[in-house]
Amino acid sequence: MLYIGVDLGTSAVKLLLMDEKGDIKNIVSKEYELLFPHPGWSEQRPQDWVSAVKEGIKELVKDADKSQVAGIGAGGQMHGLVVLDKDDNVLRPAILWNDGRTQGETDYLNNEIGKDKLSEYTGNIAFAGFTAPKILWMKNNEPELFNKIAKIMLPKDYINYVLTGVHCTDYSDASGMLLLDVKNKKWSKEMLDICSVTEDQMPKLFESYEVVGTLKKDVADELGLSENVKVCAGAGDNAAAAIGTATVGAGACNISLGTSGTIFISSDKFSVDDGNSLHAFDHADGKFHLMGCMLSAASCNKWWMEEILKTQDFAGEQAPISDDKLGHNHVYYLPYLMGERAPHNDPYARSCFLGMTMDSSRADMTQAVLEGVAFGMRDSLEAAKAMGIKVEKSMICGGGAKSPLWRKIFANVMNIELTIPETEQGPGYGGAILAAVGCGEYASVDEAVKKLIKVTGSTKPEPELAALYEERYQTYRKLYPALKNLFTEMKG
């Protein structure tokens, strides 16, 4: 049988066709427009997603045996607010995860309602990207539209609605709304009341691998597929990507070194760290996970290379950074180009270089960028370790992980073995695996990933180098607290 995985990203939807053995038969990508109607705002038209997904699926299966397509599963950009009226029409463009308009609402939730209450209700505190602050923003700024809201959805859930006619979401994606009681897997009445919405306005909750429905006849006809094609609930992009890298089971870890950076730690039990620096979310395997998110990861290196050094030769710039230089660089870099989430939750944090001298070289600066991102990710690992969670090794994926040098730096900064997945297709691959589980191809997510996910190589830490980086990390972690008040002063 064949399974379609949908990765509904911020700039494009990427679709893949996978067979029951996990082999990818075809990949299609369709871009759509990102809207910036005001400084700091970020929106998209849900209909653009629908058009791209439909066109993409038609192209994806055009040379396949369409009768073999059994299921569809999506991983999608999280936190985005999609609002429908009583006739299921979209009321306004979706407000996306990277939209910055809700700082006032976020401050209200964290400071007036209180972080302790938010954590009690949901397991998390408010971040500007989350969905609940967006709902409050609509209530405060677009009251007429707010009063017309009949359904509140997330981006990939709107796609599932168009395909099936079912208003649905899954626990992993719903965890990022700040409306879900994550521990007990139900909508938080207290949070719904705070946001002036009701449970009737919320979609029905499913596990990620559960089937929410089958293709509507008109959609099936349009796509040239059977009405019997099952659509599973899918997952938020990070949880879906974790499935695609076999990050399932207690202590399993995945580091994603993309535009943003995440460290994703799977857990059998619900837990919250002191200060809520990590997101405590439900996982797509039916259990839980902790996640630390850096807003700027590989994008720091891209910025340094393309905007500052004016080069596309990433490998060439890394070539002078020989093994003997690792652990001895006196230049430090803070990776906060867009503020920071984990562990600081500070939108005013900024990037900077420290420690340069007259003999600091271009290569030293490049090395500092690579090290700074690794140190920043280590901050989240430390928060998990403080909870008693043991992480002995991790998968690593994303564009930045293609650099052997960066992998070596990460392995030694984290002091854990890093493994590389054979197939790296991110949320789309995880979505296809979830669809296969939903269709009964595998008995569980755990069984599926054990059979489908293979490792092609690993990078192990070196004791002497790890010790050098340990010393440097202890200096690094003092830099942000020393500069925090200055960053706040500079915001004006």
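1. Overall size. For 492 residues, a compact globule would have a radius of gyration near 23 Å; the protein chain comes to 22 Å, which agrees. The model is a predicted one. Along the principal axes, the C-alpha atoms fill a box of roughly 70 × 50 × 45 Å.

2. Secondary structure. The protein chain holds 16 helices and 24 strands.

3. Domains. The domain assignment splits the protein chain in two: domain 1 covers 2–233 and domain 2 covers 246–491. Their C-alpha centres are 26 Å apart.

4. Extent of the interface. On the domain 1 side, 45 residues are in contact with 37 residues of domain 2. The two domains bury about 3200 Å² between them. Carbon and sulfur atoms account for 64% of that area. Three residues deserve a look: Tyr3, Phe127 and Tyr209. Together they supply 19% of the area that domain 1 buries against domain 2, more than any other three residues.

5. Polar pairing across the interface. What does the rule find between the domains? For salt bridges, the count across the interface of domain 1 and domain 2 is zero. For polar contacts, the count is eight residue pairs, with both residues at pLDDT 80 or more.

6. Which elements of domain 1 supply at least two residues each to the side that touches domain 2? Among the strands are β1 (2–8), β2 (12–19), β3 (24–31), β5 (69–76) and β14 (230–232). The helices α2 (103–122) and α6 (171–174) also do so. Strand β5 gives the largest share, six residues. By residue class, this side of domain 1 divides into 22 nonpolar, 16 polar and seven charged.

7. Salt bridges in the model. The rule counts 30 salt bridges, with zero of them across the interface of domain 1 and domain 2. Side chains of opposite charge can pair when their charged atoms come close. One pair to inspect is glutamate 120 with lysine 117, whose closest N and O atoms are 4.0 Å apart. That distance sits at the limit of the rule, which asks for a nitrogen within 4 Å of a carboxyl oxygen. Both residues lie in helix α2, three residues apart, about one turn of the helix. Helix α2 is also one of the elements that supply at least two residues to the side of domain 1 touching domain 2.

8. Cis peptide. Where should the backbone be checked? Alanine 342 and proline 343 are joined by a cis peptide bond, with omega about 0 degrees. Proline 343 sits in the loop between β20 (332–334) and β21 (352–354).

9. Positive phi. Asparagine 276 has phi near 55 degrees, a positive value in a residue other than glycine. Its place is the loop between β17 (261–267) and β18 (279–282).

How values were computed. Residues are numbered from 1 along each chain as its sequence is written. Side-chain values use heavy atoms; hydrogens and water are left out. Domain bounds come from an automatic or database domain assignment. Contact means heavy atoms within 4.5 Å. Buried area is the accessible area (1.4 Å probe) that two parts lose on being put together, summed over both. A salt bridge is a side-chain nitrogen of Lys or Arg within 4 Å of a carboxyl oxygen of Asp or Glu. A polar contact is a pair of N or O atoms within 3.5 Å; within protein, one must be able to donate a hydrogen and the other to accept it, and residues adjacent in sequence count only if both atoms are side-chain atoms. Helices (H or I, at least four residues) and strands (E, at least two) are DSSP runs, numbered from the N terminus. Ala, Val, Leu, Ile, Met, Phe, Trp, Tyr, Cys and Pro count as nonpolar, Asp, Glu, Lys and Arg as charged, and the others, Gly among them, as polar. The radius of gyration is taken over C-alpha atoms; the globule rule is 2.2 Å times the number of residues to the power 0.38.
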